[in-house]
Amino acid sequence: SSGNGASSCSECPAGYVCTSDGRQEPCSSGKYSSGSSECLDCEEGHRCPGATDKIPCPAATYQESRGQRNCNVCTAGKYQPDEGEASCLECPSGHLCPR
């Protein structure tokens, strides 16, 4: 009997999780994959809109939680000069940090 089975296996492409029944499903928002067998939670200081994207939060923004698709803007009285951070810094005394 001749079947239509696979003659070889290939790695699951980046941005996807491969299921045991051979399907490729894209990583959902808040998760990313760089080619592993699973979608990983986005790390603090980053946003993950889905697939392969793990994007550092730009300066003036932060993300304190894992598994998020967006970054938060620093509120008035706080600032963040660096990218990829999990919190904002308090504005020093004698300085103005508008939103």
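How many disulfides does a search of the whole structure find? The search turns up six, and they make a good thread to follow through this predicted model. Before we get to them, let's look at the chain as a whole.

Start with the secondary structure. The protein chain contains ten strands and zero helices, so the pattern read along the sequence is simply β-β-β-β-β-β-β-β-β-β. The radius of gyration is 20 Å, whereas the globule rule gives 13 Å for 99 residues, and the protein chain is therefore more spread out than a compact globule. The extents of the C-alpha trace along its principal axes, about 80 × 15 × 15 Å, let you see this in the model.

Now turn to contacts and surface. Take the contacts between residues at least 6 apart in sequence: 19% of these join residues at least 24 apart. Of the 99 residues, 23% count as buried. The protein chain exposes about 6600 Å², and carbon and sulfur atoms supply 46% of that area. As for charge, there are 13 negative and 8 positive side chains, with the centres of the two sets 6 Å apart.

Back to the cysteines. A disulfide is a covalent bond between the sulfur atoms of two cysteines. If you number the bonded cysteines in sequence order, the pairing reads 1-2, 3-4, 5-6, 7-8, 9-10, 11-12. Three of these links are worth visiting one by one.

One of them joins Cys12 to Cys18, with an S to S distance of 2.1 Å. The torsion about this S-S bond is about 95°, so the disulfide is right-handed. Its two ends can be told apart by their surroundings: Cys12 counts as buried at 11% relative accessibility, while Cys18 is partly exposed at 31%.

Another link joins Cys57 to Cys71, again with S to S at 2.1 Å. Cys57 sits in the loop between strand 6 (53–56) and strand 7 (61–62), and Cys71 in the loop between strand 7 and strand 8 (72–73), so the bond ties together parts that are 14 residues apart in sequence. With -90° about the S-S bond, this link is left-handed. Both Cys57 and Cys71 are buried.

Further along the chain, Cys91 is joined to Cys97, with S to S at 2.1 Å. Here the torsion is about 80°, so this disulfide is right-handed. Cys91 is buried with a relative accessible area of 18%, and Cys97 is buried too, with 13%.

Terms used. Residues numbered from 1 in each chain as written. Predicted model: local features only at pLDDT ≥ 70, side-chain atom pairs only at ≥ 80, totals over all residues. Heavy atoms only, no water. Helix = DSSP H or I, 4+ residues; strand = E, 2+ residues; numbered from the N terminus. Rg over C-alpha atoms; globule rule 2.2 N^0.38 Å. Buried < 20%, exposed > 50% of the residue type's maximum accessible area, 1.4 Å probe, protein only. Contact = heavy atoms within 4.5 Å. Areas by Shrake-Rupley, 256 points an atom, 1.4 Å probe, with all protein chains shown as cover. Lys, Arg positive; Asp, Glu negative; His and termini not counted. Charge placed at Lys NZ, Arg CZ, Asp CG, Glu CD. Disulfide = S-S within 2.5 Å.
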